[in-house]
Amino acid sequence: LISPHAGVFFFFEHLCRPCHNREKARGLGKYICQKCHAIIDEQPLLFKNDPYHPDHFNCSNCGKELTADARELKGELYCLPCHDKMGVPICGACRRPIEGRVVNAMGKQWHVEHFVCAKCEKPFLGHRHYERKGLAYCETHYNQLFGDVCYHCNRVIEGDGERTLFDGYILIAWCVNCFACSTCNTKLTLKNKFVEFDMKPVCKKCYEKFPLELKKRLKKLSETVARK
């Protein structure tokens with residue numbers, strides 16, 4: 001409603017009771033109870049920064065007085081025993097109830113947006129994760145932190161690679177595209193026959209072109225390693 005008075009317009013608003021109480025409390029510098037929406041005249045009880053009348057901070061199911069362990073579900077507060085009986089999953093990150101989609105991983109349940117890489121903190125959103133010491137990582141950061149480095153290009157191997165023993169005990173890793181004959185550069189896999197020479201693979205065809213004395217020495221070295 002608009003009423004003219006001495007050339008000045010005053011605005012009068014019709015407010016519902018909760019909104020009226022909120023405006024009144026704001027003017028008085030007081031709180032509004034989140035349960036009954038009335039002004040709190042005494043010292044308020046705060047839960048997650050929301051004010052309550054002390055006698056209104058009770059479990060919605062059993063009426064028991066609540067503590068800081070209270071759980072909120074669909075706008076209602078519950079004590080921990082009552083909440084647990086409802087079978088509502090609790091997020092392993094924020095410890096709040098999960099009302100929508102649930103991610104089950106690492107023996108816990110998570111909000112979709114809270115199940116994230118421990119390094120970059122990006123949600124997995126259904127993509128594969130890698131676990132180490134109770135933490136989850138995306139493939140990129142798992143490999144950067146704990147993965148193998150290619151012997152040839154010195155880059156972190158993302159995804160599958162080839163890993164083989166040289167000198168009988170040194171485990172060397174290769175990118176799939178880098179694992180090749182060191183002489184003719186023919187691509188190899190662990191299914192191919194190859195010979196170790198100077199900590200690098202040599203295909204059978206190139207090996208046959210080696211001098212006889214060199215082949216004898218390599219064969220003797222291979223037999224010595226095999227006996228260890």
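**Figure 1. Strands E15 and E16 pair in an antiparallel arrangement.** In this predicted model, 4 bridges join strand E15 to strand E16, residues 200-203. The two strands run antiparallel. One bridge partnership links Glu 196 with Pro 201 in E16. Together E15 and E16 form a hairpin, with 2 residues between them. Asp 198 sits in that turn and has a positive phi of about 60°. Most residues other than glycine have a negative phi.

**Figure 2. The whole protein chain.** The chain has 228 residues, and 31% of them count as buried. Its secondary structure comes to 5 helices and 16 strands. The chain exposes about 16,200 Å². Carbon and sulfur atoms supply 51% of that area. Among contacts with a separation of 6 or more, 15% join residues 24 or more positions apart.

**Figure 3. Lys 133, a loop residue with positive phi.** Lys 133 lies in the loop between strand E11 (130-132) and strand E12 (135-137). Its phi is positive, about 50°, although Lys 133 is not a glycine. Is this residue buried or exposed? Lys 133 counts as exposed, because its relative accessibility is 79% and the cut-off for exposed is over 50%.

**Figure 4. Asn 185, another loop residue with positive phi.** The loop that holds Asn 185 runs between strand E14 (170-175) and strand E15 (194-197). Strand E15 also belongs to the hairpin with E16. Asn 185 has a positive phi of about 70° and is not a glycine. At 54% relative accessibility, Asn 185 counts as exposed.

**Figure 5. Cysteines without disulfides.** How many disulfides does a search of the whole structure find? The search finds 0. Take Cys 62 as one case. The closest cysteine sulfur belongs to Cys 59 and is 3.7 Å from the sulfur of Cys 62. That is too far for a bond, because a disulfide needs the two sulfur atoms within 2.5 Å. Cys 184 is in no disulfide either. For Cys 184, the nearest cysteine sulfur is that of Cys 206, 3.6 Å away. Cys 62 counts as partly exposed, at 44% relative accessibility. Cys 184 is also partly exposed, with a relative accessible area of 36%.

**Figure 6. His 111 and its contacts.** His 111 is part of strand E10, residues 108-111. Is His 111 buried or exposed? It counts as buried, because its relative accessibility is 13% and the cut-off for buried is under 20%. Which residues does His 111 touch, leaving out those up to four places away in sequence? They are Cys 91, Cys 94, Arg 96, Pro 97 and Ile 98.

**Figure 7. Gln 34 and its contacts.** Gln 34 lies in the loop between strand E3 (31-32) and strand E4 (39-40). With a relative accessible area of 37%, Gln 34 is partly exposed. Leaving out residues up to four places away in sequence, Gln 34 touches Asp 50, Pro 51 and Tyr 52. His 53 is 19 residues from Gln 34 along the chain. The C-alpha atoms of Gln 34 and His 53 are separated by 8.3 Å.

Conventions:
Residues are numbered from 1 along each chain as its sequence is written. This is a predicted model: local features need pLDDT of at least 70, side-chain atom pairs count only at pLDDT 80 or more; totals for chains, interfaces and linings use all residues. Side-chain values use heavy atoms; hydrogens and water are left out. Buried means under 20% relative accessible area, exposed over 50%, partly exposed in between (1.4 Å probe, protein chains only). Contact means heavy atoms within 4.5 Å. Two strands pair if DSSP finds at least two bridges between them. Accessible areas come from the Shrake-Rupley method with a 1.4 Å probe; for residues, only the protein chains shown count as cover.
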